[in-house]
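Here is a short tour of a model, written to be read with the structure open beside it. Let us start at one pair of strands and work outwards.

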Amino acid sequence: MIRPARPEDAAAVERIVAEAYAPLAARMDKPPAPMLDDYPARIAEGVVDVFDRDGAVLGMIILVDQPGALMLENVAVASEARGQGVGGRLIAHAEDVARSRGFERIRLYTHATMVENQAMYRHLGFAEIGRGEDEGYDRVQFEKRL
């Protein structure tokens with residue numbers, strides 16, 4: 001089930017993010033932004049949801065309202081749950097949240113070196129809408145119209 005993250009989920013969320021981004025970090029000149037986020041603070045903001053299976057946190061997603069679109073800031077799946085549809089369920093959850101909040105679009109970005117992520121987002125119906133430096137990162141922006 002997907003539910004809002006609780007303070008006690010912070011360690012699991014941090015572990016999942018570290019596992020997901022560590023292989024990609026070697027391609028970059030600095031750690032990916034998700035590896036630097038303050039997850040206890042983000043959980044306290046109420047923007048983190050987790051995929052929970054029988055009490056085990058197996059995935060996480062950060063969704064933030066922005067003018068005109070829901071921003072999917074981060075999505076990550078635990079290594080032991082990859083290939084089990086957790087990521088797809090989290091993306092579907094983002095679409096449901098966007099619709100429930102009256103948004104017609106979801107936006108996200110990924111690093112230009114994360115070509116696997118770019119391919120996955122395209123496969124899920126996201127279209128590239130721009131590229132460029134943002135906050136010191138070479139980012140590719142995507143959008144999906146709902």
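Which residue in β7 is the bridge partner of Asp-134? It is Tyr-137. Before going further, please note that this is a predicted model, in which local features need pLDDT of at least 70 and side-chain atom pairs count only at pLDDT 80 or more, while totals for chains, interfaces and linings use all residues. Residues are numbered from 1 along each chain as its sequence is written, and side-chain values use heavy atoms, with hydrogens and water left out.

**The sheet**

Strands β6 and β7 belong to an open sheet of seven strands, with mixed pairing and the order β1-β2-β3-β4-β5-β7-β6. Strands here are DSSP runs of E with at least two residues, helices are runs of H or I with at least four, and both are numbered from the N terminus; two strands pair if DSSP finds at least two bridges between them. The edges are held by β1 (2–4) and β6 (127–134), each with a single partner strand, so one side of each has no neighbour in the sheet. On average, neighbouring strands are turned by 30 degrees against each other, direction ignored.

At one edge, β1 pairs with β2 (residues 48–53) in the antiparallel sense over three bridges, and Ile-2 stands opposite Phe-51 in β2. At the other edge, β6 and β7 are also antiparallel, and seven bridges join them.

**Helices on the sheet**

Helix α1 (residues 10–25) packs on the sheet and touches β2, β3 (56–66) and β4 (69–77); contact means heavy atoms within 4.5 Å. The direction of α1 makes about 80 degrees with that of β4. Such angles run from 0 to 180 degrees between N-to-C directions, with axes fitted to C-alpha atoms, for helices over the stretch in contact. Helix α4 (residues 115–123) packs on the sheet as well, touching β4, β5 (105–111), β6 and β7 (137–145), and its direction makes about 160 degrees with that of β5.

**Two loop residues with positive phi**

Most residues other than glycine have a negative phi. Asp-54, in the loop between β2 and β3, is not a glycine and yet has a positive phi of about 55 degrees. Asp-54 is exposed at 80% relative accessibility, where exposed means over 50% relative accessible area, buried under 20% and partly exposed in between (1.4 Å probe, protein chains only). Glu-135 takes a positive phi near 55 degrees in the hairpin of β6 and β7, which has two residues between the strands. Glu-135 is exposed too, with a relative accessible area of 63%.

**Salt bridges**

The structure holds 19 salt bridges, each a side-chain nitrogen of Lys or Arg within 4 Å of a carboxyl oxygen of Asp or Glu. Three of them are listed here.

| Acid | Base | N to O distance |
|---|---|---|
| Glu-45 | Arg-42 | 3.2 Å |
| Glu-128 | Arg-122 | 2.7 Å |
| Glu-128 | Arg-131 | 2.7 Å |

Arg-42 and Glu-45 are three residues apart in helix α2 (residues 39–45), so about one helical turn separates them. Arg-42 counts as buried at 11% relative accessibility. Both residues belong to a network of salt bridges that also links Asp-37 and Glu-73.

Glu-128 is partly exposed, with a relative accessible area of 33%, and its partner Arg-122 is partly exposed at 40%.
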